Amino acid sequence: INLDNVKEVGNYAFYNTNLGLIQSKTLEKVGAHAFEYSKASKVDLEKVVEIGESAFASGENLYEINLGNVKKIDANAFYDCKKVVRAFISNSTEKMVNNTETIDLEVGENALFTGWGEYVDGRLRVYVPNKTKASGKTILDLYKEKFSDNSNYIYIMGNDIKEYKYMAVESSLYEYTVRQVTLSDHKGGST
C-alpha cells in the first residue's frame with residue numbers, strides 16, 4: 001500500500017491485513033497496532049518520526065525495514081518479526097544525556113531486535129549512516145552503544161553487492177555491503 005500524502009495512520013488501522021508493501025514518503029506517525037499481524041514483506045517509511053506500540057509486531061513475512069529518521073519507537077513495535085534480515089535507520093542526530101553523547105532515538109522495550117533474523121542464521125543487518133560527529137565519535141559507535149546487546153548486527157550503510165537467495169526468506173539477501181572510499185598515493189594524489 002502506498003501511503004504517500006498520508007501524515008498519520010491511526011491505531012489498528014490496518015491490523016491483520018494482507019498488505020505486501022507498506023511505503024510512504026510523507027508518513028510521520030504510525031499508531032499503536034496499526035499494522036500488527038500484517039502480511040507485509042517490506043516497510044519503507046522515509047519520513048516517519050514516531051512508531052506506536054506493537055505497530056508492526058508479529059509481521060510473519062516482514063524481511064526489510066526502512067525507518068528513515070525515526071525518533072521514537074514504542075514498545076514491541078517490531079516484536080516477533082522473525083524474518084527481518086535488513087533494517088535501515090537514517091537518524092544521525094545526537095543528544096547529550098548525563099554528559100554522554102547518544103543517538104537521539106527513544107526505543108521502548110522489545111521494540112527492535114527481539115525475534116529478528118531467526119530464519120537467516122544470525123545474518124541480520126541493521127544499517128546506520130556513515131558519519132563522524134564533531135566529537136570524533138561515529139554514528140555507528142553511537143548506535144552500537146545504544147544497542148550494545150545487539151551491536152554485532154549494526155553496520156554502516158553502503159552499496160549491496162553479491163546477491164544470493166536464502167530459502168527461508170522469499171527475498172534476495174546480500175552477502176557484502178561496501179562503501180566508496182578515496183585512496184591517496186604517496187604523492188598526495190587521489191585514485
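Is Ser24 buried or exposed? Ser24 is buried, with a relative accessible area of 1%. The model is predicted. Its chain has 191 residues, and buried residues make up 39% of them. The secondary structure comes to 1 helix and 15 strands.

**The chain as a whole**

- The chain exposes about 10,200 Å². Carbon and sulfur atoms supply 44% of that area.
- Take the contacts between residues at least 6 apart in sequence: 36% of them join residues at least 24 apart.

**Ser24 and its surroundings**

- Ser24 is found in strand E2, which covers residues 21–24.
- A relative accessible area under 20% counts as buried. Ser24 has 1%, so Ser24 is buried.
- The side chain of Ser24 reaches the backbone oxygen of Leu3 at 3.2 Å.
- Leaving out residues up to four places away in sequence, Ser24 touches Leu3, Asp4 and Val6. Under that same limit, Ser24 also touches Asp44, Leu45 and Glu46.

**Strand E2 and its line of partners**

- Strands of a sheet pair through backbone hydrogen bonds, either parallel or antiparallel.
- E2 and E4 pair in the parallel sense, over 4 bridges. In this pairing, Leu21 stands opposite Lys42 in E4.
- E4 is also joined to strand E6 (residues 64–66). These two strands run parallel, with 3 bridges between them.
- Asp44 stands opposite Asn66 in E6. Asp44 is also one of the residues that Ser24 touches.

**An open sheet of five strands**

- Five strands form an open sheet, in the order E1-E3-E5-E7-E11. The pairing is parallel.
- Which strands stand at the edges? They are strand E1 (8–9) and strand E11 (106–107). Each has a single partner strand, so one side of each is left without a neighbour in the sheet.
- Strand E7 (residues 72–73) is joined to E11 by 2 bridges, and the two run parallel. Here Ile73 stands opposite Val107 in E11.

**Val9, in an edge strand**

- Val9 has its place in strand E1.
- Why does Val9 count as buried? Buried means under 20% relative accessible area. Val9 has a relative accessible area of 4%, so Val9 is buried.
- Val9 and Leu27 are 18 residues apart along the chain. Their C-alpha atoms are separated by 7.7 Å.
- Leu27 is also in contact with Val9. Leaving aside neighbours within four places in sequence, the other contacts of Val9 are Leu3, Phe14, Lys29, Val30, Gly31, Ala34 and Phe35.
- Leu3 is on the contact list of Val9. Leu3 is on the list for Ser24 too.

**The largest nonpolar core**

- How many residues are in the largest nonpolar core? The core has 40 residues. Phe56, Phe78 and Trp116 touch the most other members.
- Strand E4 (42–45), strand E12 (125–128) and helix H1 (139–146) each supply at least two residues of this core.
- The largest share, 3 residues, comes from H1.
- At 8% relative accessibility, Trp116 counts as buried.
- Trp116 touches Ile65, Phe78, Cys81, Lys82, Val84, Ala87, Leu124 and Val126, not counting residues up to four places away in sequence.

**Aromatic pairs**

- The structure holds 11 aromatic pairs.
- Phe88 and Tyr127 form a stacked pair. Their rings are 5.2 Å apart, centre to centre, with 25 degrees between the planes.
- Which strands hold these two residues? Phe88 is in strand E8 (residues 86–88), and Tyr127 is in strand E12. The pair links distant parts of the chain, 39 residues apart.
- Both Phe88 and Tyr127 are buried.
- Phe113 and Trp116 form a tilted pair. The values are 5.6 Å centre to centre and 40 degrees between the planes.
- Phe113 has 10% relative accessibility, so Phe113 counts as buried.
- Ring pairs also link a cluster: Phe14, Phe35, Phe56, Phe78, Phe113, Trp116, Tyr143 and Phe147.
- Phe14 and Phe35 from this cluster are also in contact with Val9.

Terms used:
Residues are numbered from 1 along each chain as its sequence is written. This is a predicted model: local features need pLDDT of at least 70, side-chain atom pairs count only at pLDDT 80 or more; totals for chains, interfaces and linings use all residues. Side-chain values use heavy atoms; hydrogens and water are left out. Buried means under 20% relative accessible area, exposed over 50%, partly exposed in between (1.4 Å probe, protein chains only). Contact means heavy atoms within 4.5 Å. Accessible areas come from the Shrake-Rupley method with a 1.4 Å probe; for residues, only the protein chains shown count as cover. A polar contact is a pair of N or O atoms within 3.5 Å; within protein, one must be able to donate a hydrogen and the other to accept it, and residues adjacent in sequence count only if both atoms are side-chain atoms. Two strands pair if DSSP finds at least two bridges between them. A nonpolar core is a set of buried Ala, Val, Leu, Ile, Met, Phe, Trp, Tyr and Cys residues joined through side-chain atoms within 4.5 Å. Rings of Phe, Tyr and Trp (its six-membered ring) pair if their centres lie within 6.5 Å; planes under 30 degrees apart count as stacked, over 60 as edge-to-face and the rest as tilted.
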